[in-house]
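Here are a few exercises to work through with the model open beside you. Try each task before you read its solution.

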Amino acid sequence: MDMLATRATWLAIAIFFITAVATKISRWKSNVHLCPTRPLPPVVNVLALLPSLFNKGFGVTIADLHTRLGSVFTINLFGPKITLLVGPDISAHFFQGLESEISFGNFAEVTVPIFGQEVLYGVDMATRSEQIHFIVDVLKPSKLRSLVDPILQEVEAYFASWGQEGIVDLKHELEQVLMFISSRCLLGYEVREMMLEEVSSLFHELENGLNFFSFLFPYIPTSTNRRRDKAHIRLKEIFTTTIRSRRSSGRVQEDALQRLMNSKYKDGRSASEAEICGMIIALIFAGKHPSSSTSIWTGAFMLSNTKFLIAAVEEQKHIISKYKNQIGYDAFLEMDTLHRCIKEALRMHTPVQMLARKAHKKFKVQTKEGKEYDIPEGHNIVIPTALNNKLSHVYNDPHAYDPDRFGPGREEDRVGGKYSFTTFGGGRHVCSGMALAYLQIKVIWSHLLRNFEFKLISPFPKVDVSKVGQEPKGKVMISYNRRQLQCY
């Protein structure tokens, strides 16, 4: 009887086990039926790309892969995977996904030695969110209106030193005037009056630290990285001295530095000196680095395209007539032709060639041809902005400089889809410095077009491939003659 009972018990256990397994198999089949697996993107090994990367460069290599493999493809870097998403059709999750789903990951590590370990991507996400709020608040349109007069004063004072005629390096001149603007509007008069030359030189060393090699290896002690680190330390010393001087004297200024000094976290604590220094360095990058490159390209393109140069000058005549030479914030908002000239320069030579994120959860993409792919968790996701800006199915004759493509009746970036023009990012991660960049460049070129005639006398600049952004290489020599533009 005991043996029979034992056998019955084991039979019951076996039946229960078989039933449980059958149930799980049934549920698994049901789930598979409901959620069919999608293919992964086509993969290419980085070793196969090395000849092309060395001979053609990064941009051409990625464009060739897009032609061969389509809008979604993965590059295998000896283990780590980089998946590229080309085109606006498949970019929504990249720009709109939650931080828990897709984030900057380690890609922002290159900014930590530049801005400091106390701010932004050197701190936890909660602290970073509050610091970004401080920075965004400084760059709000309502705050920008108050910056117009100081920017105008700096621009007018700088170019007043030019003679009746002459030859200058446009690249050097625009970099200088933008440093004056940044110091006046962001750093305050202490730096502007006493140590601008040193600060300008130090920021130049920081900008040199933003290259492809440091992007991959931000902490390797190369000579460039060592100079970058020394420049960061010295800038913190200068800004800390300014902060302490203001606080001890009770002096209050109307500039970004003061607003950051007054900022408080949700728990009531004030931003520390190191945090204020890091955020002001980040603000100057937002206010100067992209603006410098774009203002140069804008000038080079306009001076090489008579049609658009004439159109921009005619717009200035109209503005002068309407506002009786009292040009302020509202006038700059109405400079649509100049705005399109700047935007087209940004499309042709974006300050950031690619945008990167890390996928923390699997997600699906669907190409404009209808193909669907699963992008696995753990993949590094890249939007090749420079390539996206020249897609022929979005932009007509994409390699031609044509600001009218953004004008009424065409608006190719809107027709092409929500994420067709992402030079300043998009969605949750749109660049907070975009409005300031446009404003600075408009103020500069509005003044130059109204007061000078120009001619580009050096060859049209090439792109400096050693830099992360598509910066102009070498000098951009122009001749100028002073004039007073007559209104209608």
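A salt bridge here is a side-chain nitrogen of Lys or Arg within 4 Å of a carboxyl oxygen of Asp or Glu. Keep in mind that this is a predicted model.

**Exercise 1. Salt bridges, from the count to a network**

Task: Find how many salt bridges the rule gives, and which residues are linked in a network.

Solution:
- Step 1. Apply the rule, and the count comes to 27 salt bridges.
- Step 2. Look for bridges that join up: Glu344, Arg347, Asp402, Arg405, Arg410 and Glu412 are linked in a network.

**Exercise 2. A pair within one helix**

Task: Explain why Arg234 and Glu237 are separated by about one helical turn, and work out whether Glu237 counts as buried or partly exposed.

Solution:
- Step 1. Check the bridge itself: the side chains of Arg234 and Glu237 meet with N to O at 3.2 Å.
- Step 2. Place the pair. Both sit in helix α13 (residues 223-249) and are three residues apart, so about one helical turn separates them.
- Step 3. Turn to accessibility, where buried means under 20% and exposed means over 50%. Arg234 has a relative accessible area of 29%, so this residue is partly exposed. Glu237 comes in at 41%, so it counts as partly exposed too.

**Exercise 3. A pair across helices**

Task: Say which helices are linked by the salt bridge between Arg244 and Glu273.

Solution:
- Step 1. Get the distance: these two side chains form a salt bridge at 3.0 Å, N to O.
- Step 2. Locate the partners. Arg244 is in helix α13 and Glu273 is in helix α15 (residues 273-303), 29 residues apart, so the pair links distant parts of the chain.
- Step 3. Check Glu273 for exposure: at a relative accessible area of 23%, Glu273 is partly exposed.

**Exercise 4. Buried or partly exposed?**

Task: For the salt bridge of Glu275 and Arg269, decide whether Glu275 is buried or partly exposed, and do the same for Arg269.

Solution:
- Step 1. The closest N and O atoms of this pair are 3.1 Å apart.
- Step 2. Glu275 has a relative accessible area of 7%, so Glu275 is buried.
- Step 3. Arg269 has 34%, so Arg269 is partly exposed.

**Exercise 5. Lysine and cysteines**

Task: Find what Lys343 touches beyond its neighbours within four places in sequence, then see how many disulfides the structure holds.

Solution:
- Step 1. Start in helix α18 (residues 336-348), where Lys343 is found.
- Step 2. Lys343 counts as buried because its relative accessibility is 15%.
- Step 3. List the contacts outside that sequence window: Phe406, Asp413, Phe421 and Tyr438.
- Step 4. Now the cysteines. The structure holds zero disulfides. Cys185 is buried at 6% relative accessible area, and Cys341 counts as buried at 1%.
- Step 5. Finish with Cys431, where the unreviewed UniProt entry places a "binding site" feature. Cys431 is in the loop between α20 (412-415) and α21 (434-451), and is partly exposed at 33%.

**Exercise 6. A nonpolar patch**

Task: Name the residues that make the nonpolar surface patch of about 490 Å², and place Leu50 in its helix.

Solution:
- Step 1. The patch is made by Leu47, Leu50, Phe54 and Phe78.
- Step 2. Leu50 lies in helix α2 (residues 46-56).
- Step 3. Its relative accessible area is 34%, so Leu50 is partly exposed.

Definitions and conventions: Residues numbered from 1 in each chain as written. Predicted model: local features only at pLDDT ≥ 70, side-chain atom pairs only at ≥ 80, totals over all residues. Heavy atoms only, no water. UniProt positions renumbered as here; feature names shortened; annotations may be inferred. Helix = DSSP H or I, 4+ residues; strand = E, 2+ residues; numbered from the N terminus. Buried < 20%, exposed > 50% of the residue type's maximum accessible area, 1.4 Å probe, protein only. Patch = residues over 30% accessible without salt bridge, like charges linked within 9 Å, V, L, I, M, F, W, Y side chains within 5 Å. Areas by Shrake-Rupley, 256 points an atom, 1.4 Å probe, with all protein chains shown as cover. Disulfide = S-S within 2.5 Å.
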